[in-house]
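The following exercises are to be worked with the sequence and the model open side by side. Each task is followed by a solution in steps.

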Amino acid sequence: MDTALFTIRNDQNQMAQLRLYMQSEECNTCNLIPEWEIMPSQNCSILVDTRWPVRIEIRTVIDESVKTVDPSCSEGNLTMMFLEYGDYAVYMKSTENNEQATCSKVIIMNDPSDSNIPIYVALGIGVFLALFWILMKYLYRRGILHRIIYFWSTEGMMVHRYSTQDLGTPTNINAGDDPNKDDKKEKKERLKSLDTFRGIAILVMIFVNYRAGYYWFFKHSIWNGLNLADLVFPWFVWIMGTSMVFSFSSQLKRSTPKLMMFWKILKRSAILFVLGLIINTDGTPGGVEFDEIRIPGVLQRFAGTYLIVATIHMFFAKTTDEHQHCWWSPVRDVLDYWPEWIIHLIMVAVWLVITFALSVPGCPRGYLGPGGLHEGGKYENCTGGAAGYIDRLIFGDSHIYRNPTAKAIYKTSMPYDPEGLLGTLTSCFMCFLGLQAGKILIQQKDWAKRCKRFLIWGIVLGIIAAVLSKGTKDDGFIPICKNLWSLSFVLALSSFAFILFMLCYLLIDVWKVWSGAPFCYPGLNPIVLYFGHEVFFGRSPVYFHIVRTHASQLAMTAWGTFFWFLVSLYLYAKDIIITV
């Protein structure tokens, strides 16, 4: 997968020795690397990456020295985006003195099929199932489905003959139930749009963690930039902040002592941290080696973020909206909590100072790159800059992630953990922005005012993120980088979260044109689905060994995601909600 065949065909009279240089365009500011020596009159075939454009240059070598590259063989002429399973060729000829080679244009020798066809098919199936679901719900609510089922059963036809009213309608199907029956177990009212947003995040997370059909744009970005997999974890952090408001509001109404609140915060953080360590040791052959166990991780980051943000909010959470009639009431969701804002902005300032001012041995101050081949290999051992240095200093190389996403392209040799310590400061700020959304829901009772604020926050945060990144992938003041949890990354993802949540809120809780299905069901038990899908990764019944093509792997990914959706549906049907 993700490769094409590239052949250099030499003319029989071409007597110059050639050297093939290549590099992926995804490798920002990287030098071309010599890949192959091509002897006179010989052909050469090599596999090239089809995920991103590939820089190619063919240089003539005489007595081990490289001659000036002919313009036709320069990377400006040969660099291109290859198609998966394509068969490409370039033809070489010599100049009159046989001291220089010239290149033809790159020619494609076959007609490869579109590797994205499985995605189109999957989308088509998804749309069909969604429409079928909507149709079935419509028929059920109108009583049509009920009548069809009974019409085609012998018993139903007999009942229809003698008592048509027994078939019932949507208003009397449950007529036998006692309307005055008291519910012994009072259910807590939930914000369905928040459950739906959480469900979207967990299903997408399962999808991408189960390899997402091996499509590169579904996976985590190599270093800077945003792919699908980069969205879901930050959204969970944001949602955690939003949910936190309702939890504290409930505890304050019950007059829960702060010591008890802190104990619950500490206990939940400890449970999340331990579950994260269990996931990090899962599948270790021969047992756990404690001198090599990875300490940071996704649930560990959740634990640290929750511990910090919840503890701070515990001291400033309010039971009453005492300033709702003040002249500055339109911004009371900010001013009422100004000490929290100061604390979190100080944490952001600390992140900025450490990131750009900390002296890292052998690295320039403020380095934000992946190391390795980046910037011509000048900072090979500087992966992650200050963030990587702090983790390696505190945890040690053997206790952090050793296969960062940049390794395949930038050839980095240093371990680097995207869930390291320094990024916890900015993840706390993202959780706090989610907390801000919860405050809006608590303080503003009018849906229009809520949505207006969600939209304003989304636009403002998006503009700041665009300014910091200069609207580019690699050339911003602070590039959008999930590996670093950079400030621009946190602001951009918070912007998306505000807007997406606003849309869910409008469609589900305000206009009620969407029930939130099917995403609302996974959103009720996210910790079960996350822990379960990690433990069963690569195991039956969610994974089986099959041929490695995009189509087969996408089908396997879809099955694994659907399996955990069925688990969430079962838990919902049994009225089981498991939290920590």
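**Exercise 1. Classify Lys512 as buried or exposed, and describe its backbone.**

Step 1. In this predicted model, Lys512 has a relative accessibility of 61%. The cut-off for an exposed residue is over 50%, so Lys512 counts as exposed.

Step 2. Lys512 belongs to the loop between α15 and α16.

Step 3. The phi angle of Lys512 is near 55°, a positive value in a residue that is not glycine. Most residues other than glycine have a negative phi.

**Exercise 2. Determine where Trp485 lies, what its phi is, and whether it is buried or exposed.**

Step 1. Trp485 is placed in the loop between α14 and α15.

Step 2. Although Trp485 is not a glycine, its phi is positive, at about 50°.

Step 3. The relative accessible area of Trp485 is 0%. Buried means under 20%, and Trp485 is therefore buried.

**Exercise 3. Locate the prolines that follow the cis peptide bonds at Ala517 and Ser540.**

Step 1. Ala517 and Pro518 are joined by a cis peptide bond with omega of about 0°. Pro518 is in the loop between α15 and α16.

Step 2. From Ser540 to Pro541 the peptide bond is also cis, and here omega is near 10°. Pro541 sits in the loop between α16 and α17.

Step 3. For background, most peptide bonds are trans.

**Exercise 4. Describe the surroundings of Phe544.**

Step 1. Phe544 lies in the loop between α16 (526-535) and α17 (550-573).

Step 2. Its relative accessible area is 39%, so Phe544 is partly exposed.

Step 3. When neighbours within four places in sequence are set aside, Phe544 contacts Met556 and Trp559.

Step 4. From C-alpha to C-alpha, Phe544 and Leu524 are 28 Å apart in space, with their positions 20 residues apart in sequence.

**Exercise 5. How many salt bridges does the structure hold, and which parts of the chain does the Glu26 pair link?**

Step 1. The structure holds ten salt bridges.

Step 2. One of them joins Glu26 to Lys473, with the closest N and O atoms 2.8 Å apart. The pair links distant parts of the chain, 447 residues apart: Glu26 is in the loop between β2 (17-24) and β3 (33-38), and Lys473 is in the loop between α14 (447-469) and α15 (487-510).

Step 3. The partners fall into two classes of accessibility. Glu26 is buried, with a relative accessible area of 12%, whereas Lys473 is partly exposed at 37%.

**Exercise 6. Analyse the salt bridge between Glu419 and Arg294, and name the network that includes them.**

Step 1. The side chains of Glu419 and Arg294 meet at 3.0 Å, N to O, in a salt bridge.

Step 2. Glu419 lies in the loop between α12 (407-410) and α13 (423-443), and Arg294 in the loop between α7 (258-281) and α8 (298-314); the pair therefore ties together parts 125 residues apart in sequence.

Step 3. Glu419 has a relative accessibility of 8% and counts as buried. Arg294, at 18%, also counts as buried.

Step 4. Salt bridges with shared partners join Arg294, Asp417, Glu419 and Lys482 into one network.

**Exercise 7. Which residues outside its sequence neighbourhood does Ser269 contact?**

Step 1. Ser269 is in helix α7.

Step 2. With a relative accessible area of 5%, Ser269 is buried.

Step 3. Once neighbours within four places in sequence are left aside, the contacts of Ser269 are Ala303, Tyr306 and Leu307.

**Exercise 8. Identify the residues of the nonpolar surface patch that includes Tyr120.**

Step 1. Tyr120 lies in helix α2 (residues 117-141).

Step 2. Tyr120 has a relative accessibility of 46% and so counts as partly exposed.

Step 3. The patch covers about 710 Å² and is made by Ile117, Tyr120, Val121, Ile125, Phe128, Leu129 and Phe132.

**Exercise 9. Summarise the protein chain as a whole.**

Step 1. Its secondary structure comes to 17 helices and nine strands.

Step 2. The C-alpha trace spans about 100 × 70 × 55 Å along its principal axes.

Step 3. Of the 580 residues, 47% count as buried.

Step 4. Among contacts between residues at least 6 apart in sequence, 72% join residues at least 24 apart.

Conventions: Residues are numbered from 1 along each chain as its sequence is written. This is a predicted model: local features need pLDDT of at least 70, side-chain atom pairs count only at pLDDT 80 or more; totals for chains, interfaces and linings use all residues. Side-chain values use heavy atoms; hydrogens and water are left out. Patches are made of residues with over 30% relative accessible area and no salt bridge: like charges are joined within 9 Å, nonpolar side chains (Val, Leu, Ile, Met, Phe, Trp, Tyr) within 5 Å. Accessible areas come from the Shrake-Rupley method with a 1.4 Å probe; for residues, only the protein chains shown count as cover. A salt bridge is a side-chain nitrogen of Lys or Arg within 4 Å of a carboxyl oxygen of Asp or Glu. Helices (H or I, at least four residues) and strands (E, at least two) are DSSP runs, numbered from the N terminus. Buried means under 20% relative accessible area, exposed over 50%, partly exposed in between (1.4 Å probe, protein chains only). Contact means heavy atoms within 4.5 Å.
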